[in-house]
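This tour moves through the structure one selection at a time. Please keep the viewer open and follow each stop in order.

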Amino acid sequence: MASCLILTVNVVLLAVLVAGQDGVESENVFQTSGIGSCLDEKQRDGLIKGDIVYPGNSTYGVKRRTTSLLFSAWPVGIVYATSEEDIVEAVKCANEYRTRVTPRSGGHGNAGQAAMSGALTIDVSRMKNVSLAEDLSLVTVGSGSTAGNAV
Ligand SMILES: Cc1cc2nc3c(=O)[nH]c(=O)nc-3n(C[C@H](O)[C@H](O)[C@H](O)COP(=O)(O)OP(=O)(O)OC[C@H]3O[C@@H](n4cnc5c(N)ncnc54)[C@H](O)[C@@H]3O)c2cc1C
């Protein structure tokens, strides 16, 4: 009976936490700063090929999250890098606008370090390339790889 009560209280607390975060979200969305125009220009010029999600985009609320519900952050944007070149160009914009960068692979880290409010998230989950050197001495594994595609 007691454990049932504790479980119920925990479920209610979790529901309040999640609802509270969503409530806060609408009040805390960061305005896209100058870095947005820098990234957009590079995307238009074909220098960044990956998608970019900004506060205000319909998917931002989902894409900004990591898997841990305990941590909630509002990055200025999320670049879905498809190559090293995408990362280099995104970092150049971040440097120009003195914006911190947070790499994110799976977003499964328990401490939620892959997201930071006010930072630019560079998500590498689409970089799943796995290659083997001809002499079999070296395997290069994209940071977005999971066991499913790497093994
Ligand atoms: C249900 C569950 C079970 C888990 N079980 C285990 C377990 O058994 N053993 C264990 O060790 N861990 C476990 N973890 C923790 C988690 O899986 C590990 O911390 C894992 O390494 C996270 O990988 P990620 O790619 O999701 O990292 P992310 O959360 O994306 O990032 C973690 C940190 O690494 C940085 N980072 C990410 N990608 C890069 C990159 N390409 N270059 C530089 N920095 C980068 C991020 O900025 C962040 O600081 C578990 C987590 C969950 C949710």
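Begin with the largest nonpolar core, which has 20 residues. Within this core, the residues with the most contacts are Ile-35, Leu-39, Val-79, Ala-81, Ala-90, Leu-120 and Ile-122. Next, colour the elements that give two or more residues to this core: helix 2 (34–44), strand 1 (52–53), strand 2 (77–80), helix 4 (84–96) and strand 4 (120–123). Helix 4 supplies the largest share of this core, with four residues. Note that the model is a predicted one.

Stay in the core and select Ile-122. Leaving aside neighbours within four places in sequence, Ile-122 is in contact with Val-79, Ala-81, Ile-87, Ala-90, Val-101, Pro-103 and Arg-104.

**The whole chain**

Now zoom out to the protein chain, which contains five helices and six strands. Read along the sequence, these elements follow the pattern α-α-β-α-β-α-β-β-β-β-α. Of the 151 residues in the protein chain, 25% are buried. Among contacts between residues at least 6 apart in sequence, 59% join residues at least 24 apart.

**Helix 2**

Select helix 2 and display its buried residues, Ile-35, Cys-38, Leu-39 and Lys-42. Viewed down the axis of helix 2, these buried residues fall within an arc of 95°, so they line one face of the helix. An α-helix has 3.6 residues a turn, so residues three or four places apart point the same way. Turn the view to the face of helix 2 directed away from its buried side: the exposed residues there are Gly-34, Ser-37 and Arg-44.

What covers the buried residues of helix 2? The cover includes strand 1, strand 2, helix 4 and strand 4. Before leaving this element, select Gly-46, which follows helix 2 and has a positive phi, near 80°.

**Helix 4 and the loop after it**

Proceed to helix 4, which has 13 residues. From its first C-alpha to its last, helix 4 reaches 18 Å, close to the 18 Å expected at 1.5 Å a residue. The buried residues to display in helix 4 are Asp-86, Ile-87, Glu-89, Ala-90, Cys-93 and Ala-94. Show helix 2, strand 2, strand 3 (101–104) and strand 4 alongside them, as the buried residues of helix 4 pack against these elements.

Continue just past the end of helix 4 to Arg-98, which is found in the loop between helix 4 and strand 3. Arg-98 has a positive phi of about 45° although it is not a glycine. Is Arg-98 buried or exposed? Arg-98 counts as exposed because it has 8 C-beta neighbours inside 10 Å.

**A second positive phi**

Move to Leu-136, in the loop between strand 5 (130–132) and strand 6 (139–141). Leu-136 is not a glycine, yet it has a positive phi of about 65°. With 7 other C-beta atoms within 10 Å, Leu-136 is exposed.

**Lys-63 and Ala-73**

Select Lys-63, which is found in helix 3 (residues 60–63). Its 19 C-beta neighbours inside 10 Å make Lys-63 count as partly exposed, since a residue is buried if 20 or more other C-beta atoms lie within 10 Å of its own. Not counting residues up to four places away in sequence, Lys-63 touches Val-53 and Ile-78. Add Gly-77 to the selection: the C-alpha atoms of Lys-63 and Gly-77 are separated by 9.7 Å, and the two residues are 14 residues apart along the chain.

Then select Ala-73, which lies in the loop between helix 3 and strand 2. Ala-73 counts as partly exposed, with 19 C-beta neighbours inside 10 Å. Not counting residues up to four places away in sequence, Ala-73 touches Arg-64, Ala-115, Met-116 and Ser-117. Gly-118 completes this view: Ala-73 and Gly-118 are 45 residues apart in sequence and 8.2 Å apart in space, C-alpha to C-alpha.

**The ligand**

End the tour at the ligand and select the 15 residues around it. Which of these residues come nearest? Those that come nearest are Ser-105, Gly-106, His-108, Gly-109 and Gln-113. Finally, colour the shell around the ligand by class: three residues are nonpolar, eleven are polar and one is charged.

Definitions and conventions
Residues are numbered from 1 along each chain as its sequence is written. This is a predicted model: local features need pLDDT of at least 70, side-chain atom pairs count only at pLDDT 80 or more; totals for chains, interfaces and linings use all residues. A residue is near a molecule or strand if its C-beta atom, placed from the backbone, lies within 6 Å of it. Ala, Val, Leu, Ile, Met, Phe, Trp, Tyr, Cys and Pro count as nonpolar, Asp, Glu, Lys and Arg as charged, and the others, Gly among them, as polar. A nonpolar core is a set of buried Ala, Val, Leu, Ile, Met, Phe, Trp, Tyr and Cys residues joined through C-beta atoms within 7 Å. A residue is buried if 20 or more other C-beta atoms lie within 10 Å of its own, exposed if 12 or fewer, and partly exposed in between; C-beta atoms are placed from the backbone. Two residues are in contact if their C-beta atoms, placed from the backbone, lie within 7 Å. The arc is that of the directions from the helix axis to the C-beta atoms. The expected span of a helix is 1.5 Å times one less than its number of residues.
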